[in-house]
Amino acid sequence: MFEKLAEIICNYVEVEPEDIHPESRFIEDLGLTSFDFMSMLGELEEEFDIEVEPKKSAEIRTVQEAVDYLTDLTEEEI
């Protein structure tokens with residue numbers, strides 16, 4: 001999940017996958033704008049066939065938080 005998320009993040013900002021860490025913050029560390037972040041969430045919804053709750057998405061700050069949330073959502077689908 002982490003590797004796939006890192007790959008998708010690289011579509012939105014000029015950062016190498018190896019420079020993305022679990023504790024990396026989307027906006028402060030990786031440089032995503034809020035629009036980039038929301039676009040990325042839309043891509044994740046399509047990629048994993050899930051629906052991200054808007055309230056929950058506002059709470060996600062780090063890559064690890066996103067991985068944990070996505071893992072929970074994809075496990076619910078199984």
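So, helices here are DSSP runs of H or I with at least four residues, strands are E runs of at least two, and both are numbered from the N terminus. Keep that in mind, as helices come up throughout.

What you have above is a predicted model, where local features need pLDDT of at least 70, side-chain atom pairs count only at pLDDT 80 or more, and totals for chains, interfaces and linings use all residues. Residues are numbered from 1 along each chain as its sequence is written, and side-chain values use heavy atoms, with hydrogens and water left out.

How confident is the predictor? pLDDT is its confidence in each residue, from 0 to 100. The chain averages 94, and 97% of its residues reach 70 or more. Among the elements, helix α1, residues 2-9, has the highest mean at 96, while helix α4, residues 63-77, has the lowest at 90.

Now the overall picture. We've got four helices and zero strands, so to speak a plain α-α-α-α when you read along the sequence. The radius of gyration is 11 Å, close to the 12 Å that the globule rule gives for 78 residues, so the chain is as compact as a globular protein of that length. That radius is taken over C-alpha atoms, and the rule is 2.2 Å times the number of residues to the power 0.38. Along the principal axes, the C-alpha atoms fill a box of roughly 35 × 20 × 20 Å.

I'll also be saying "buried", which is under 20% relative accessible area; exposed is over 50%, and partly exposed is in between, with a 1.4 Å probe and protein chains only. Buried residues make up 36% of the 78.

Let's zoom in on helix α2. It covers residues 34-48, 15 in total, and reaches 21 Å from first C-alpha to last, close to the 21 Å expected at 1.5 Å a residue. The expected span is 1.5 Å times one less than the number of residues. Which residues of α2 are buried? Asp36, Phe37, Met40, Leu41 and Leu44. Looking down the axis, these buried residues fall within an arc of 140°, so they line one face of the helix; the arc is that of the directions from the axis to the C-beta atoms. On the face turned away from that buried side, you'll find the exposed Phe35 and Glu46. Just after α2, Asp49 takes a positive phi of about 55°.

Next, salt bridges: a side-chain nitrogen of Lys or Arg within 4 Å of a carboxyl oxygen of Asp or Glu. The count comes to four. One pairs Lys4 with Glu7, at 3.2 Å between the closest N and O atoms; both sit in helix α1, three residues apart, about one turn. Lys4 also meets Glu47 at 3.6 Å, N to O. That pair links distant parts of the chain, with Glu47 in α2 and Lys4 in α1, 43 residues apart. Another joins Asp29 and Arg25 at 3.0 Å. Through shared partners, Lys4, Glu7 and Glu47 form one network.

Last stop: Ser24, in the loop between α1 and α2. Buried or exposed? Ser24 counts as buried, because its relative accessibility is 6%. Leaving aside neighbours within four places in sequence, its contacts (heavy atoms within 4.5 Å) include Asp19, Asp29, Arg61 and Val63.

Note on methods: pLDDT = per-residue confidence, 0-100.
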